[in-house]
Each structure stands twice: as C-alpha cells, then as structure tokens.
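Student: Please take a close look at one part of this model, its charged pairs first, and then place that part against the rest of the chain.

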Amino acid sequence: MASLSVSHASLFSTHPTTRMLKHHPTLTTPFTNPFLFSRKISSYSSSYKTRVACMSTTTSPVEKGNRKPINVQPNVEVDRVSQLVDCLPEGIQPYAKLARVEKPIGTWLLLFPFAWSATLAASAGSLPDFKTLAVFACAAPLLRGAACTINDFLDRDFDKMVERTKLRPMASGAVTPFQGLCFFAFQMLLSHGILGQLANNSLMYEALFLFLICTYPLMKRMTYWPQAYLGLTINWGILLGWHAIKGSLQPSIVLPLFLSGYCWTIVYDTIYAHQDKEDDVKAGIKSTALKFGESTKEWITGFATACIGSFALTGYNAALGWPFYAFLAAAAAQLAWQIGTADLSSPADCNRKFVSNKWFGALIFSGILLGRVFS
C-alpha cells in the first residue's frame, strides 16, 4: 500500500547542512535530541536545528533578506509537514510520520474502495448505512498507517538508498525496527476493534487483508509488477464493504467493481513510481514504471480504459440511475487529463497527478451515491 504508503514526493538536494546532519553525533539517539524535529532548517543557526519529515526534502540556501525556501532544482515540490504533526509532542511525531499522517492521500485511496462498495450495496432508492461508512472512515487511517509501517520496516535498507525516502523514520533511525513492529501491531489491533463494529464483519477477509499488507512490500524485490499486487491489496476493501452490508458477495457487481479499482491502482501507482525510477535502478527495486519505460502512457491508457469500462458494467449490473454515468464521464475525463498531461520525467508533476486521484475517487463515489438514490 505504497500508495498506502499511501499518502505522498520529491528529490533531495545535497546541501552541506544535510551532510552535516547525517553525521552529527547528537542525532544518533532517537527521541533524545530536541533538535531532531525542530521547526525549521536555518543556515544561520549554530545548532543547525532541523525537522526531519518523512519523505521531506532539504532546500537550498536563501539570501539574507529573503528567507523563503527555494528549490535547488526545477520541478521539485517541497513537502511540508502538516500543522497537525507540528503540534504533536516530539516523542510522537516520528510515529505520526511513520503512519504518513501528514500525507492523507493514501488514506483516501484506501477508503474509497470501502465506500464505493458499501454505498453500492445499499437498497435501491436509499442512502448508504451511515454507521458502516463511519466505521470504515475510522479504520482506514489505521489500516493505511499499518501498511506504511510494515512497508518501512521491510524496506528500511532500501529506503536509505532512495533520495525521496532516506529520511523516513526507520531508515533514518528515528524509530527502531522493534518500535516499528510494536506500532504496527497496535494499529492493526485498534483497526480490528473498529471493524468489529460492522454488522457482518469477516475475520477471514481481515486475515487475508493483513496477509496482503504484509507481503506487498516484498513484491518490488520479486517482480516488475508490484503495482498489480498493490491493486489486490488496496481494493480488498471492496469485498469487505459489500460483505459488511450484505453478509455475502454478489459476483456480477463486486467483481467488475474490484477490477475497476484494480486497474485504477495500476494507473496511479505507475505514475507515482516514476518519481523514483533512477534510484530504483540503483537499488535493484522493480516497478511497472521501469517495466513500461517509454511506453508507460500507452500501458496506463489501456488500464484506464479497462477501469472505466468495468465501472460502467458495474453500474449496469447494479441498475444504478443516470447520475452515475454522468459522474463516470467526469471521472474518465479526470483520468484522461492525468495521463495526457503527466510529465513522467518530473517527480513533482508525477506527485501532483498521483495526489489528484482523490478527485477521481470522489467523483466515482458521488456517482454511485446519486445513482443508487435515483435507481
């Protein structure tokens, strides 16, 4: 759930401040150094205080009269830690970054398949069950955070070799592997307690979901298609969502919906993977971005077409009303915009296109909701 992981992406500069911080003796013990998560980077302070943000970047020096950070490279977008994380106690901040609290896009991408399915399972002419949607909304951040945590645990050595990820908490040493595993177990137990509030919760589906979360990070070592495995993982909520309402599955509706989400995941995560392709080659990490290469847009256009076609079949089989197709057309246009305008050589633009998928998911959800109400 990289995308889980998700939330969300730029390259680091090699500013001297960064090099000094990497070897500064006071940064070797996590949580005991008050400067590890301080407010700003400042080249004028003798203490060189820094906030180490998960997947953050270092900016270039600034002129004395203008202290606004600037990028040392064009097309590089600086990730800023959210105000929520800023206000947390210093001892908790690394765990918040480990769960990607400051990058909510991954939570949205995990939540939408749950919400689509639960809304689609509502009776014709009815609104979806609010309690079920609320349960999924509460569980999604924990499940996404757990996926990011186990991903960072398994990838901690790889992350050190990738510019975009080398300051993640476990790669940088801010969180030990044991602490990370304990945090993972805490998130999974809490999410299990929340999912237990569903009318038709399934331990089997939960167990399979846990298996997918734990094994996904290994796929990038084994195949050029880890995005395909991520599609299984992040869209598992479609099965959970439908089962939570109906207590069973209806293949004519659930399978095309699952295929839609699966193809969508390959599209957005392939674009996302283009951010790291140069570092991935050096580290021996595989992805569809490397597999497709110069033919990426042709490949993801095919997956996007299959995605929209499967959504249309889902709507037809579920007897959704006309609003669904209007929103589906808008979602198709958004996906076409992503693919058509994506600059795959620009990490910043790849990240912008990746983050824009929250609008695609929202359009599909709105279409299913109104389509069910007017069916």
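Tutor: Helices here are DSSP runs of H or I of at least four residues, strands are E runs of at least two, and both are numbered from the N terminus. The model is predicted, so local features need pLDDT of at least 70 and side-chain atom pairs pLDDT 80 or more, while totals for chains, interfaces and linings use all residues. Residues are numbered from 1 along each chain as written, and side-chain values use heavy atoms, without hydrogens and water.

The part to examine is helix 17, residues 347–355. Lys353 and Asp349 both belong to helix 17 and sit 4 residues apart, about one turn of the helix. They form a salt bridge (side-chain nitrogen of Lys or Arg within 4 Å of a carboxyl oxygen of Asp or Glu), with 2.7 Å between the closest N and O atoms. Asp349 also meets Arg352 in a salt bridge, at 3.5 Å from N to O. Arg352 and Asp349 are 3 residues apart in helix 17, which is again a separation of about one helical turn. An α-helix has 3.6 residues a turn, so residues three or four places apart point the same way.

The three side chains differ in cover, where buried means under 20% relative accessible area, exposed over 50%, and partly exposed in between (1.4 Å probe, protein chains only). Lys353 is buried at 5% relative accessibility, and Asp349 is buried at 9%. Arg352, at 41%, counts as partly exposed.

Elsewhere in the chain there are further charged pairs, and the count by this rule is 9 salt bridges. One of them joins Asp155 and Lys220, with an N to O distance of 2.8 Å. Asp155 is in the loop between helix 5 and helix 6 (156–159), and Lys220 is in helix 9, so this pair ties together parts that are 65 residues apart in sequence. Both partners are buried: Asp155 has a relative accessible area of 4%, and Lys220 comes to 12%. A network of salt bridges links Arg100, Asp152, Asp159 and Arg168.

As for the setting, the protein has 18 helices and 0 strands, and 54% of its 375 residues count as buried. The span 251–272 is 100% helix, and its end C-alpha atoms are 31 Å apart. The span 202–219 is 94% helix, with 26 Å between its end C-alpha atoms.

Helix 11 (residues 237–246) is largely enclosed by the rest of the structure, because 8 of its 10 residues are buried. The buried residues include Gly237, Leu240, Trp242 and His243. Their cover includes helix 4 (105–120), helix 5 (130–154), helix 9 (203–222), helix 10 (226–234) and helix 12. Ser117 of helix 4 is buried, with a relative accessible area of 0%. Contact means heavy atoms within 4.5 Å; leaving aside neighbours within four places in sequence, Ser117 is in contact with Gly237, Ile238, Gly241, Trp242 and Leu257. Just after helix 11, Gly247 has a positive phi of about 80°.

Past the C-terminal end of helix 17, Phe360 touches Trp264, Cys307, Ile308, Phe311, Ala331, Gln334 and Leu335, with residues up to four places away in sequence not counted. Tyr325, in helix 16 (residues 322–341), is partly exposed at 33% relative accessibility.
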